[in-house]
Amino acid sequence: MIEIRTPRLLLRRWRDDDLVPMADINADPQVMRWIDDGSVRDLEYTAEAIERWEEEWDDEGFGLFAVELLASGELAGFTGLSVPESLPELAAEVAISWRLGSQFWGQGYASEAAHATLEFALQDRGLDRVISVVRIGDEASENVIRKLGMALEREIEHPVYGFPLHVHAIDLTEFDG
Ligand SMILES: CC(C)(COP(=O)(O)OP(=O)(O)OC[C@H]1O[C@@H](n2cnc3c(N)ncnc32)[C@H](O)[C@@H]1OP(=O)(O)O)[C@@H](O)C(=O)NCCC(=O)NCCS
């Protein structure tokens with residue numbers, strides 16, 4: 001069972017009792033503002049999503065970690081790795097992404113979890129490259145990306161929604177873990 005501890009966080013696989021807190025996060029318009037078309041998601045969607053994320057762990061040996069606060073045991077959201085299948089031109093890549101409940105923003109948790117995720121990608125999975133894909137305007141994500149040392153590679157168009165996306169990448173052989 002893969003678990004990672006950082007100074008303040010536990011990154012782990014998903015449990016049944018994560019469903020309600022993750023559904024609350026997915027139901028918050030502030031959180032969903034920059035994700036796909038910005039629409040909020042319900043409990044049923046979240047249940048299916050968690051199932052998919054767990055399948056990706058089983059199939060690929062990587063996935064989205066549930067991010068838990070060590071101090072309180074609360075679920076803060078997710079950070080982790082996935083194949084960006086909804087973006088066919090990037091289907092051969094592995095992308096890092098994050099989503100935290102808004103009450104957990106501004107405390108450095110996303111960067112702490114993302115840093116540990118890149119270490120996991122390099123050390124446990126032997127990946128030499130990870131990308132990130134964010135909608136242009138998502139400044140909070142761009143800030144995390146900068147702090148991780150990821151570099152802007154190109155701009156692409158979302159195949160369904162048409163809006164522009166930034167693709168950043170990092171060569172993990174040069175990652176300052
Ligand atoms: C993107 C997202 C995860 C970023 O979260 P965040 O809390 O802003 O990111 P960070 O973890 O980097 O923390 C930000 C700030 O916390 C502050 N902070 C407070 N205590 C801190 C600590 N102990 N250590 C580090 N930073 C700390 C810092 O000031 C930092 O800002 P700075 O880099 O300008 O100095 C969050 O906005 C989110 O979940 N958004 C919705 C989902 C989304 O849009 N995902 C993108 C699609 S991939």
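The following exercises, each with a worked solution, concern a predicted model of a protein chain with a ligand.

**Exercise 1. The annotated domain**

Task: State which residues UniProt assigns to the domain feature, and describe the helix and strand content of that stretch.

Solution.
Step 1. The UniProt record, an unreviewed entry, places the feature "domain: N-acetyltransferase" at residues 9-174.
Step 2. Over residues 9-174, helix makes up 33% of the chain and strand 28%.
Step 3. The C-alpha atoms at the two ends of this stretch are 25 Å apart.

**Exercise 2. Strand β4 and its partners**

Task: Determine how strand β4 is paired with β3 and with β5, and whether the residues of β4 are buried or exposed.

Solution.
Step 1. Begin with β3, residues 64-69. Strand β3 runs antiparallel to β4, and five bridges join the two. One position to locate is Leu64, which stands opposite Gly80 in β4.
Step 2. Examine the connection. The strands β3 and β4 form a hairpin with five residues between them. In the turn, Gly73 has a positive phi of about 80°.
Step 3. Turn to β5. The pairing of β4 with β5 is also antiparallel, and it extends over six bridges. Here Phe78 stands opposite Arg99 in β5.
Step 4. Consider burial, for which the cut-off is a relative accessible area under 20%. Eight of the eight residues of β4 (residues 75-82) are buried, so this strand is largely enclosed by the rest of the structure.
Step 5. Look at the loop between β4 and β5, where Leu87 is found. Leu87 has a relative accessible area of 8% and is therefore buried. Leu87 and Val160 are 73 residues apart in sequence, while their C-alpha atoms are 9.0 Å apart in space.

**Exercise 3. Strand β8 between two partners**

Task: Describe the pairing of β8 with β7 and with β6, and follow Val130 as an example.

Solution.
Step 1. Strand β7 (residues 151-157) and strand β8 (residues 164-171) run antiparallel and are joined by six bridges. Within this pair, Leu152 has His168 as its bridge partner in β8.
Step 2. The hairpin of β7 and β8 has six residues between the strands. Gly162 in this hairpin takes a positive phi near 85°.
Step 3. Strand β8 also pairs with β6 in the antiparallel sense, over seven bridges.
Step 4. Val130 belongs to β6 (residues 129-135), and its bridge partner in β8 is Ile170.
Step 5. The relative accessible area of Val130 is 0%, so this residue is buried. Its C-alpha atom is 7.8 Å from that of Leu118, and the two residues are twelve apart in sequence.
Step 6. Strand β8 itself is mostly covered, with six of its eight residues buried.

**Exercise 4. The surroundings of the ligand**

Task: Identify which residues and elements surround the ligand, and give the distances of its contacts with Arg8, Gln107 and Ser111.

Solution.
Step 1. Count the shell. The ligand is surrounded by 20 residues, and the closest are Leu100, Gly106, Ala110, Ser111 and Lys147.
Step 2. Sort the shell by class. It has nine nonpolar, seven polar and four charged residues.
Step 3. List the contacts. A polar side-chain atom of Arg8 lies 3.5 Å from a nitrogen atom of the ligand. A backbone N or O atom of Gln107 lies 3.2 Å from a ligand oxygen atom. For Ser111, a polar side-chain atom lies 2.5 Å from an oxygen atom of the ligand.
Step 4. Assess the cover. The ligand taken alone exposes 980 Å², of which the protein buries 69%.
Step 5. Assign the shell to elements. Two or more residues each come from β5 (95-100), α4 (109-123) and α5 (139-148). The largest share, five residues, is contributed by α5.

**Exercise 5. Two residues compared**

Task: Decide whether Asp36 and Ala114 are buried or partly exposed, and state where each one lies.

Solution.
Step 1. Asp36 is found in the loop between α2 (29-32) and α3 (43-60). Its phi is near 50°, a positive value in a residue other than glycine.
Step 2. With a relative accessible area of 30%, Asp36 is partly exposed.
Step 3. Ala114 lies in helix α4. Its relative accessible area is 0%, so Ala114 is buried.
Step 4. Ala114 and Glu56 are 58 residues apart in sequence and 18 Å apart in space, C-alpha to C-alpha.

Key
Residues numbered from 1 in each chain as written. Predicted model: local features only at pLDDT ≥ 70, side-chain atom pairs only at ≥ 80, totals over all residues. Heavy atoms only, no water. Pairing = 2+ DSSP bridges. Helix = DSSP H or I, 4+ residues; strand = E, 2+ residues; numbered from the N terminus. UniProt positions renumbered as here; feature names shortened; annotations may be inferred. Near = heavy atom within 4 Å. Polar contact = N/O pair within 3.5 Å; in protein donor to acceptor, adjacent residues only side chain to side chain. Areas by Shrake-Rupley, 256 points an atom, 1.4 Å probe, with all protein chains shown as cover. Nonpolar A, V, L, I, M, F, W, Y, C, P; charged D, E, K, R; others polar. Buried < 20%, exposed > 50% of the residue type's maximum accessible area, 1.4 Å probe, protein only.
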